[in-house]
There are 2 protein chains.
Amino acid sequence: MLEHIPTKEDILAAHERIKPYIHRTQVFSSHWFDDRVGKPCVFKGEHLQKTGAFKARGAMNAVLVNAEIAQGKGFITHSSGNHGAALAWAAAQIGESAYIIMPENAPKTKVAAVRQYGGNITFCAPTLEARETTAAEVQSQTGALLVHPYNNYDIIAGQSTATLELLEEHPGLRTLYLPVGGGGLLSGAALANHYFGNAKVVGCEPNASGDAYQSFQSGHWVPAQNHHTIAEGLKTSLGDKTFEIITNYVDEIMMVSEEEMKEAWKFAVGRLKQLVEPSAAAGLAVALKHKGEGPAGIILCGGNMDLDPWS
Amino acid sequence: MLEHIPTKEDILAAHERIKPYIHRTQVFSSHWFDDRVGKPCVFKGEHLQKTGAFKARGAMNAVLVNAEIAQGKGFITHSSGNHGAALAWAAAQIGESAYIIMPENAPKTKVAAVRQYGGNITFCAPTLEARETTAAEVQSQTGALLVHPYNNYDIIAGQSTATLELLEEHPGLRTLYLPVGGGGLLSGAALANHYFGNAKVVGCEPNASGDAYQSFQSGHWVPAQNHHTIAEGLKTSLGDKTFEIITNYVDEIMMVSEEEMKEAWKFAVGRLKQLVEPSAAAGLAVALKHKGEGPAGIILCGGNMDLDPWS
């Protein structure tokens with residue numbers, strides 16, 4: 001288990017470790033988008049990653065690093081989002097159990113995804129307190145190892161590999177756009193860029209959940225307010241580990257409105273024909289208005305959302 | 001202008017002709033889908049084609065073949081669907097005008113697509129009669145060349161190139177699934193398979209618009225009934241040219257319900273993270289229940305549909 005900010009070697013080792021399990025996701029571009037923003041851009045399709053999100057990278061790395069400690073007891077987390085499904089999937093890859101604590105009101109597809117990967121679900125009241133109490137109970141019964149969704153260096157090292165791959169293929173990128181919720185993807189990207197790239201790193205956050213922006217600007221950790229945003233995955237507060245890395249290695253955090261994210265989402269779906277989740281649209285929306293240098297790279301972080309045009 | 005059923009050489013020539021303009025679209029697969037159907041399948045992503053549909057192939061071929069005849073006068077069609085946008089796009093590639101007759105109630109995105117490619121739109125009442133009358137008027141004013149959406153051998157030769165590419169990359173395919181509306185894609189695929197492949201060719205049609213099925217079974221051309229289906233692109237009747245080719249070179253036509261198409265669409269969006277239009281889901285839906293031999297190939301014909309989860 002990593003006890004320090006991942007080094008260059010830690011990131012390369014994480015990549016080698018998870019390579020046999022994850023997809024090296026496709027990188028593509030759009031003339032229309034390039035024309036709109038006036039610079040060449042590349043999109044890395046982590047919505048095409050195992051479990052439909054970059055979260056598979058961090059979860060797989062954490063599971064492999066901690067396989068011996070968790071042997072026969074499994075892994076546990078209380079994320080209701082993509083991390084829950086990713087941890088269930090990752091644990092299953094090495095034949096271990098995963099215990100996922102989910103709020104009773106979690107979307108059906110998220111519950112179905114965890115089940116599909118063989119995760120053991122315990123439902124609880126939809127409060128942070130209930131989640132933590134329930135997780136502690138299940139943990140004491142099972143001895144499973146808690147894997148935090150982002151405030152964990154093994155997770156951060158795993159997430160950094162998305163940006164590592166992008167920089168391997170496009171070493172000349174001058175700007176990188178990444179959505180920020182808990183900060184696992186952004187801090188991993190900032191480290192990968194620090195060691196292997198030369199881009200400005202821009203975190204992308206909804207106005208409705210501007211805690212990372214406020215934390216970054218003030219230099220003091222600010223918790224997320226529970227405001228509504230279509231980018232559900234970005235409502236989380238930073239952790240102390242991700243906050244520290246972001247403070248030191250990220251260049252800027254820019255916020256976007258709900259309307260800007262919706263427009264960006266419609267671009268992804270209408271032009272790229274790629275189903276991304278609204279959190280990924282936050283990165284696209286910032287890229288559409290930010291005056292950063294090109295070429296730019298945008299990580300489409302995930303593609304898990306409910307869509308039923310005929311309901 | 002081709003006056004006969006495209007030969008092997010006609011198809012190869014069409015492919016060479018349009019190659020500089022079109023995308024050689026990506027072919028991909030899904031373990032989940034293979035497990036569901038019990039055989040290996042490949043998907044050809046024509047939703048990623050120029051203009052978001054395979055229609056760009058036929059339109060580009062027809063425009064290039066007839067460039068001299070239409071020089072300075074342009075091209076005209078009265079398709080309200082993907083063919084209208086494709087013809088506008090194709091004409092613009094060689095600097096010619098395109099006149100697109102559209103019903104007043106055409107979806108806004110279809111109108112926007114035609115405009116975006118520089119097409120000149122004339123609106124008319126939403127009846128076949130009004131379309132034909134209006135087209136005749138505009139044609140007499142402009143001298144533009146009428147390019148039928150499917151009952152045209154240059155169009156059919158162009159559409160056949162999607163299957164040609166798929167068979168070049170996967171020569172061992174044993175079954176091919178293609179949606180059928182007017183029959184341009186299906187008849188082109190059947191010819192490409194006849195010359196270059198060795199698969200059973202299966203046309204895929206909504207129950208609500210079973211005219212191709214009825215025509216194929218009875219051996220007599222049956223017109224489409226105007227029943228509602230989510231697969232708008234497949235409501236059209238066969239033409240005499242496509243009917244003849246389908247009768248001679250297609251192995252089977254199978255129908256699917258609206259529910260089966262919705263389920264297949266949700267698979268494409270939820271699992272593949274690819275936005276396809278409901279017409280493409282007809283092919284997937286047949287592939288999900290048909291007992292054809294593997295490996296199978298499925299052409300995802302297009303990706304143009306309105307989606308607004310927040311409206």
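**A buried helix and the interface of chains A and B**

In this predicted model, the buried residues of helix α13 of chain A are A:Pro278, A:Ser279, A:Ala280, A:Ala281, A:Ala282, A:Gly283, A:Leu284, A:Ala285, A:Val286, A:Ala287 and A:Leu288. Because eleven of its twelve residues fall into the buried class, α13(A) is largely enclosed by the rest of the structure. The length of this helix, which runs over residues 278-289 of chain A, can be checked against its geometry: at 1.5 Å a residue its twelve residues should span 16 Å, and the C-alpha atoms at its ends lie 17 Å apart, which agrees.

From this helix the reader may turn to the contact between the two chains, where 23 residues of chain B meet 23 residues of chain A. The size of an interface is often given as the accessible area lost when the parts come together. Here chain B and chain A bury about 2000 Å² between them, with 64% of that area on carbon and sulfur atoms. Of the area that chain B buries against chain A, 36% is supplied by B:Lys273, B:Leu307 and B:Trp310, more than by any other three residues.

Polar and charged groups also take part across this interface, with twelve residue pairs in polar contact, both residues being at pLDDT 80 or more, and with two salt bridges found by the rule. One of the salt bridges joins B:Lys266 to A:Asp308, whose closest N and O atoms are 3.1 Å apart. On the side of chain B that touches chain A, helix α12 (residues 258-270) of chain B gives the most, with four residues, and the residues of that side divide into eleven nonpolar, seven polar and five charged.

Notes. Residues are numbered from 1 along each chain as its sequence is written. Chains are lettered from A and ligands numbered from 1 in the order in which they are written. This is a predicted model: local features need pLDDT of at least 70, side-chain atom pairs count only at pLDDT 80 or more; totals for chains, interfaces and linings use all residues. Side-chain values use heavy atoms; hydrogens and water are left out. Contact means heavy atoms within 4.5 Å. Buried area is the accessible area (1.4 Å probe) that two parts lose on being put together, summed over both. A salt bridge is a side-chain nitrogen of Lys or Arg within 4 Å of a carboxyl oxygen of Asp or Glu. A polar contact is a pair of N or O atoms within 3.5 Å; within protein, one must be able to donate a hydrogen and the other to accept it, and residues adjacent in sequence count only if both atoms are side-chain atoms. Helices (H or I, at least four residues) and strands (E, at least two) are DSSP runs, numbered from the N terminus. Ala, Val, Leu, Ile, Met, Phe, Trp, Tyr, Cys and Pro count as nonpolar, Asp, Glu, Lys and Arg as charged, and the others, Gly among them, as polar. The expected span of a helix is 1.5 Å times one less than its number of residues. Buried means under 20% relative accessible area, exposed over 50%, partly exposed in between (1.4 Å probe, protein chains only).
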